[in-house]
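Colleague: I should like to look closely at a single part of this protein, and to understand what surrounds it. Please begin with one side-chain contact and work outwards from there.

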Amino acid sequence: MTINLMLGDCLERMKEIPDSSIDLTVTSPPYDNLRTYNNTLEWGEHVWKPVLEELFRVTKKGGVVVWVVGDATIKGSETGTSFKQALYAKEIGFNLHDTMIYEKNGTGACGSNNCYWQTFEYMFVFTKGKIKTVHRLDNGKPRTKGGIKTGRITKDGIQKVEKRSDAEGKLQLRSNIWRYNVGFTSGCDKTGHPAVFPEKLANDHILSWSNEGDTVFDCFMGSGTTGKMALLNNRKFIGIEKDAEYFDIGSKRILEANKDE
């Protein structure tokens, strides 16, 4: 499959990508300077606002951006930066298609002793107009015999319950909370990158929002997880990484995945 790996500042290198040419972006920005990534990036509005603007420009009509992000806690208060980013994405034209949760299994005790342990990040799913590709995944469990009841609110405000009779023999669809093993429970090889999300997370979004032959993009390529899974699922890939060390790590993983294909 076609691969285009770019070393450099994503705000500069994204200018090389044509308008409306990306089907799906799966990325995780270096939120709230929780990690400085070898001091290559100072994170803030001056970065994430133009990044989101560029993502809107390069995304095809009906395309998707999956933005995996969390918040730092400063002086006892969460920053709320993730919400600011989601609202800004809407302001510039994206639809907020879904606010999904990435639940991390295996984090151990994480966070303040005055709060419950922090075990999740947001996965904002932005779309450029009406979404064009949806392949909803199942959770591996059989549906209830006799169908699934679903509710909707009618125009007069009355809730109507409907019953689907086609459920027998099929599997249950997932909720929008996805749980993945991380750290010592993940079973994944070390990549040398401080903030790797699970390969299955990237894989599941790629399967959900794109088709074979589509172009998948990651503007914060890091260790190359999105690129690796894109190629293994017969998608084209474009990746940008500013840090030379991580670019080498990510490029190696991606090229090896392409060789396997």
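The side chain of which residue is joined to that of Y180 by a polar contact of 2.8 Å?

Modeller: The partner is D204: a polar contact of 2.8 Å joins its side chain to that of Y180. A polar contact is a pair of N or O atoms within 3.5 Å; within protein, one must be able to donate a hydrogen and the other to accept it, and residues adjacent in sequence count only if both atoms are side-chain atoms. The model is predicted, and local features need pLDDT of at least 70 and side-chain atom pairs pLDDT 80 or more, whereas totals for chains, interfaces and linings use all residues. Residues are numbered from 1 along each chain as its sequence is written, and side-chain values use heavy atoms, with hydrogens and water left out.

The two partners can now be placed. Y180 belongs to strand β12, which covers residues 177-181. D204 is one of the buried residues of α4, a helix made up of residues 199-209. Helices (H or I, at least four residues) and strands (E, at least two) are DSSP runs, numbered from the N terminus. In the whole protein there are six helices and 14 strands.

Y180 has a relative accessibility of 7%, so this residue counts as buried (buried means under 20% relative accessible area, exposed over 50%, partly exposed in between, with a 1.4 Å probe and protein chains only). Leaving aside residues up to four places away in sequence, Y180 touches Y102, E103, K104 and N105, together with R174, P198, K200, L201 and D204; contact means heavy atoms within 4.5 Å. One of these neighbours, L201, is 21 residues from Y180 in sequence, yet their C-alpha atoms are 7.4 Å apart in space.

Both L201 and D204 lead to helix α4, where they are among the buried residues. This helix is mostly covered, with eight of its 11 residues buried. Besides L201 and D204, the buried residues of α4 are A202, N203, H205, I206, S208 and W209. Their cover includes the strands β2, β3 (59-69), β6 (95-105), β7 (120-127) and β12, as well as the helix α5 (225-232).

W209 offers a second view of helix α4, in which it lies. Its relative accessible area is 9%, and W209 is therefore buried. Which residues does W209 touch, not counting residues up to four places away in sequence? They are L24, V64, V66, H97, M100, V125, I131, T133 and V134. V134 is 75 residues from W209 in sequence, but the C-alpha atoms of this pair are 5.2 Å apart in space.

Strand β2, which helps to cover the buried residues of α4, runs over residues 22-27 and contains D23. The relative accessible area of D23 is 3%, and this aspartate is therefore buried. A polar contact of 3.3 Å joins the side chain of D23 to that of K132. K132 also appears in the list of residues that D23 touches, beside K60, G63, V64, D214 and T215, again not counting residues up to four places away in sequence. V64 thus connects the two descriptions: D23 touches V64, and W209 touches V64 as well.

Other buried positions can be named beyond this helix. W48, at 3% relative accessibility, counts as buried, and Y88 is likewise buried, at 11%. C10 is buried at 7% relative accessibility, and C219 is buried at 2%. Why do C10 and C219 form no bond? The sulfur of C10 is 5.3 Å from the closest cysteine sulfur, in C219, which is too far for a bond; the closest cysteine sulfur to that of C219 is, in turn, the one in C10. The count of disulfides in the model is zero, a disulfide being a pair of cysteine sulfur atoms within 2.5 Å.

The protein as a whole provides the setting for these details. Of its 261 residues, 45% count as buried. Among contacts between residues at least 6 apart in sequence, 73% join residues at least 24 apart. To return to the starting point, Y180 in strand β12 is joined through its side chain to the side chain of D204, a buried residue of helix α4.
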